[in-house]
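Biologist: I would like a close look at a single part of this protein. Please take one strand and describe its surroundings, then place it in the rest of the model.

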Amino acid sequence: MKMVGSKKHSTEEEAQETPRFQQKTLTAPAPFADETSCQCQAPHEKLTIAQARLGTPVDRPVRVYADGIFDLFHAGHARALMQAKTLFPNSYLLVGVCSDDLTHKFKGFTVMNETERYEALRHCRYVDEVIRDAPWTLTPEFLEKHKIDFVAHDDIPYSSAGSDDVYKHIKEAGMFVPTQRTEGISTSDIITRIVRDYDVYARRNLQRGYTAKELNVSFINEKKYRFQNQVDKMKEKVKNVEEKSKEFVYKVEEKSHDLIQKWEEKSREFIGNFLELFGPDGAWKQMFQERSGRMLQAFSPRQSPNSSPTRGRSPSRSPSPPWVINKTSPPSSPKAASASLSSMSEGDEDEK
């Protein structure tokens with residue numbers, strides 16, 4: 001068999017063909033297998049994994065098949081399909097989705113019906129084609145009909161329908177390519193969360209307008225849930241009031257701090273101005289001293305000139321007035337006192 005992954009094909013042809021397939025996948029939902037013919041136009045010769053990894057011609061993509069239930073389509077599903085799509089350089093991903101009847105028989109009840117699950121897969125960017133009502137166990141006729149080269153699935157043995165591993169014969173044929181599971185997310189995990197928090201989701205949907213009948217909720221539980229919703233609303237209002245109060249108090253404290261700073265600045269300015277005016281060396285004291293000096297000058301008598309005549313008196317000594325008693329030499333006796341008085345009177349007559 002010839003090597004189908006030859007790189008001698010025209011690069012222009014690859015540049016023209018590859019975007020056409022990608023654009024169809026990214027701009028429109030993936031087609032259903034029963035509504036389209038196989039897009040593998042080249043002769044469908046069997047490939048090995050080594051040949052597929054080297055690359056194939058544009059018109060001969062490696063047809064990879066992945067199947068599942070895909071209930072509550074989530075990131076774990078999408079990552080598994082991404083791995084299947086990127087296993088080989090040039091691949092075409094077909095995704096098989098099992099019907100409701102088959103799923104309920106072998107696995108259990110689903111949340112989404114088969115139509116919803118089909119549509120979820122059609123709008124995944126990694127999917128090129130969706131096969132409805134896929135078989136639970138792959139048969140050679142199914143693989144030949146859809147020209148499947150490889151089957152992608154996680155490597156954990158999948159026991160179901162009386163078999164220890166439904167992919168055992170695929171692995172033995174060398175057509176199995178393993179992918180990795182995404183830990184922490186699965187459909188069962190999501191359903192477990194809903195069942196665990198059933199009351200929360202029942203109250204949520206009642207609050208959003210669903211009736212108790214639609215939710216299969218009893219009359220008593222409905223009243224209980226509605227009462228709890230009212231209590232939660234009151235708690236939320238109280239919480240909002242507390243937050244607003246805290247915000248208001250914070251703003252008041254901030255403004256008070258600003259006011260105190262401004263008051264301190266104004267107080268310092270006032271005290272400085274006061275000390276400058278009324279302090280020990282202030283302007284008011286200087287002005288008071290100047291006015292006091294002017295008033296003293298205005299009320300004090302003017303002194304007579306020293307060169308005025310003394311009318312026959314000795315220039316060295318001015319006579320004392322007759323009423324001034326000489327305190328330095330008091331009279332020794334009454335007679336002496338009377339004598340001095342008479343002499344004073346005589347002196348006054350002479351002056352006259």
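Modeller: What follows starts with one strand and works outward to its neighbours, a pocket, a loop residue and the confidence values. The model is a predicted one. The strand is β2, residues 91-97. Seven of its seven residues are buried, each having under 20% relative accessible area, so β2 is largely enclosed by the rest of the structure. The cover applies to both faces of the strand. On one side S91, L93, V95 and V97 are buried, and on the other side Y92, L94 and G96 are buried as well.

Part of the surroundings of β2 consists of strands. Strand β1, residues 62-68, runs parallel to β2 and is joined to it by seven bridges. Within this pairing, R63 is the residue that stands opposite Y92. Strand β3, residues 129-132, also pairs with β2 in the parallel sense, here over four bridges. In that pairing G96 of β2 has I131 of β3 as its bridge partner. Y92 and G96 both belong to the side of β2 that also holds L94.

A helix belongs to the same account. Helix α3, residues 75-85, forms a β-α-β unit with β1 and β2, and the unit is right-handed.

Two members of that unit, β1 and α3, also help to line the largest pocket, each with at least two residues. The same holds for β4 (150-154) and α8 (187-196). Of the contributors, α3 gives the most, with five residues. The lining comprises 37 residues, and those nearest the centre of the pocket are I69, H77, K107, H153 and R181. The volume of this pocket is about 870 Å³.

A loop residue can be placed in a similar way. P29 sits in the loop between α1 (11-27) and α2 (49-54). P29 is partly exposed, its relative accessible area being 37%. Leaving aside residues up to four places away in sequence, P29 touches R122 and H123. Its C-alpha atom is separated by 8.8 Å from that of L121, although the two residues are 92 residues apart along the chain.

Confidence should be read alongside this. The mean pLDDT of the protein is 79, with 75% of residues at 70 or more. Over residues 1-23 pLDDT stays under 50, and the model has 22 contacts beyond four places in sequence for that stretch. Residues 310-316 also stay under 50, with one contact beyond four places in sequence.

Definitions and conventions
Residues are numbered from 1 along each chain as its sequence is written. This is a predicted model: local features need pLDDT of at least 70, side-chain atom pairs count only at pLDDT 80 or more; totals for chains, interfaces and linings use all residues. Side-chain values use heavy atoms; hydrogens and water are left out. Buried means under 20% relative accessible area, exposed over 50%, partly exposed in between (1.4 Å probe, protein chains only). Two strands pair if DSSP finds at least two bridges between them. A crossover is right-handed if, with the strands pointing away from the viewer, the path from the first strand over the helix to the second runs clockwise. pLDDT is the predictor's confidence in each residue, from 0 to 100. Contact means heavy atoms within 4.5 Å. On a 1 Å grid over the protein atoms alone, a cavity is a set of points where a 1.4 Å probe fits but cannot get out, and a pocket is an open set with protein on both sides within 12 Å along at least five of seven lines; lining residues have an atom within 4 Å of a point. Grid points are joined across faces, edges and corners, and a volume is the space filled by probe spheres set on the points.
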